Number of protein chains: 2
Amino acid sequence: MSTQTPDSPELPSFETVFAPVRSQTAFEETLERLGTAIKLGLLAPGARLPAERELCTRLEISRSTLRQALTALAQSGHLHAVRGRGGGTFVTERPPPRDPPSRAVLASWHEACDVRLGVELGIAALAAGRAKDHELAPLDELVGAMDDMAEDFAGYRQADVRFHIGLAEATHSPRLVALATEAQGQMTDLISHIAHPPEVLDHANAQHAQLLTRIRARDADGAVRVMAEHLRGTELVLAGLLPGARD
Amino acid sequence: MSTQTPDSPELPSFETVFAPVRSQTAFEETLERLGTAIKLGLLAPGARLPAERELCTRLEISRSTLRQALTALAQSGHLHAVRGRGGGTFVTERPPPRDPPSRAVLASWHEACDVRLGVELGIAALAAGRAKDHELAPLDELVGAMDDMAEDFAGYRQADVRFHIGLAEATHSPRLVALATEAQGQMTDLISHIAHPPEVLDHANAQHAQLLTRIRARDADGAVRVMAEHLRGTELVLAGLLPGARD
DNA sequence: GGTCAATGGTGCGCTGCATATACCTTCGCG
DNA sequence: CGCGAAGGTATATGCAGCGCACCATTGACC
């Protein structure tokens, strides 16, 4: 009786509650986790992964499942395995060319930006309250490094990712670190095929510096404001180059 | 070679990349989705759920899996089923007593607050830019209703939930709505067993009103600031009453 | 008052993911 | 030169999820 007649306009909350439930398999999640870690440079080229038998324990999955993911990443050229004692699974030195963003990613890029906004604003606010000096020092170095990389987008982007994830770590909230990592992964998918003029990168990096200043001053509101502006920058670039601008 | 020696202190990012992979089953996710929707009042007492055969289509799961969840919720007293034509599955009129927060929830309440902070800050910022008048009007009514409910925490809380979720809907970002719903669910688990003096609720509701004012003025920074303060209020209450304060 | 259709309730077999376990192959280090 | 650490392979088992067919109940409609 209280359900609407079929095809009637439904309360928006109903759409959310009754939206499709799709559970990722362990294989899929593992593949994505390792894949983005490599693409983001969290696992540097040449780095050696823990041994399979150890890794599957950490991930709390079976070795067979882990190997499915490793094999897939090896075939796509992101990993290569070396047998025998002293061997292991290594990240490829020269990363394979990135795929252009899939249709699905392009369709929902606005959503991805929205979530990232939330995550990063929360990180800015919390980091301002909780960051310790020794956690901020490495971020200074990254800002310095990015200053010299305005011509090298790949290098810049990698430092950028480390900066944002490092900031997330300064909140001491593992969940936020995970969300930030995921968000950065999606952003990288979107922006890695886009031209970034040095002026834009310099401006963005100036905001990184401002952000650190606000955080050191324990100025949460200021940090959030700078972060919001920082993200708006990226979003404007995307809005100009990708389809489906909302307003 | 670039892996650390065993048991050496590892880079924090490694902890995130190699954190356990645990995929929720479809049954678990369904149970949680429906359960929190009921507990949050998104599915009002007495409301009728869509027929099983339709619901399992929407959720994109099999009827067997759906029924596992429905059966569990029926046994816990949240739902009751009526057979025959014109029957269906209904939300219990008098909700069963809430369980006290589980140990796991209590252990990670700080994390939950952190994520909620991010989500809600993002919502505040985006709603200020995107909310339409007709989406804000119902929120005015909720604020008015909450004004009269400072003595009735259950009623107040339900309006509160609707307010925050309504705000999320004003961002037009389904993903944010889902995250907000999840966050509200976790908050409800935490605060429903806590005494809330009327003054606290009145103060919180005044912030709701301010929030709407800022949003109408398209003042994103202001909205974010009010929201941050609003959430800090809840967090302070929790910090005083729950174990494991961080700093 | 009888029929029928919409609803929840039940059972069964199939498929595929994930696990656990054991064993093989390679190859550097001592 | 052999031990041990690493990747590579094979197989059996469990179980979640699916799809389907069918039963039982009961109000609505003629």
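What span should the 14 residues of helix H2 (residues 26–39) of chain B have at 1.5 Å a residue, and how far apart are its end C-alpha atoms? In this predicted model, the expected span of helix H2 of chain B is 20 Å, because each residue contributes 1.5 Å, and the end C-alpha atoms are 20 Å apart, which agrees. Within this helix, the buried residues are Thr30(B), Leu31(B), Arg33(B), Leu34(B), Ala37(B), Ile38(B) and Lys39(B). In general, an α-helix has 3.6 residues a turn, so residues three or four places apart point the same way. After H2(B) comes Gly41(B), with a positive phi near 80 degrees.

Chain B also contains a hairpin formed by two strands, E1(B) and E2(B). Strand E1 (residues 79–82) pairs with E2(B) in the antiparallel sense over four bridges, and His80(B) is placed opposite Phe90(B) of E2(B). Five residues lie between the strands, and in this hairpin Gly84(B) adopts a positive phi near 85 degrees. Strand E2 (residues 88–91) of chain B has two faces: Thr89(B) and Val91(B) form the covered one, whereas Gly88(B) and Phe90(B) form the uncovered one.

The contact between the chains involves 56 residues from chain A and 56 residues from chain B. On the side of chain A that touches chain B, the elements giving two or more residues include helix H1 (12–17), helix H2 (26–39), helix H6 (109–130) and helix H11 (220–241) of chain A. The largest share of this side, 11 residues, is supplied by H6(A). By residue class, the side of chain A that touches chain B consists of 29 nonpolar, 14 polar and 13 charged residues.

Terms used: Residues numbered from 1 in each chain as written. Chains lettered and ligands numbered in written order. Predicted model: local features only at pLDDT ≥ 70, side-chain atom pairs only at ≥ 80, totals over all residues. Expected span 1.5 Å × (residues − 1). Buried ≥ 20, exposed ≤ 12 C-beta atoms within 10 Å, placed from the backbone. Contact = placed C-beta atoms within 7 Å. Nonpolar A, V, L, I, M, F, W, Y, C, P; charged D, E, K, R; others polar. Pairing = 2+ DSSP bridges.
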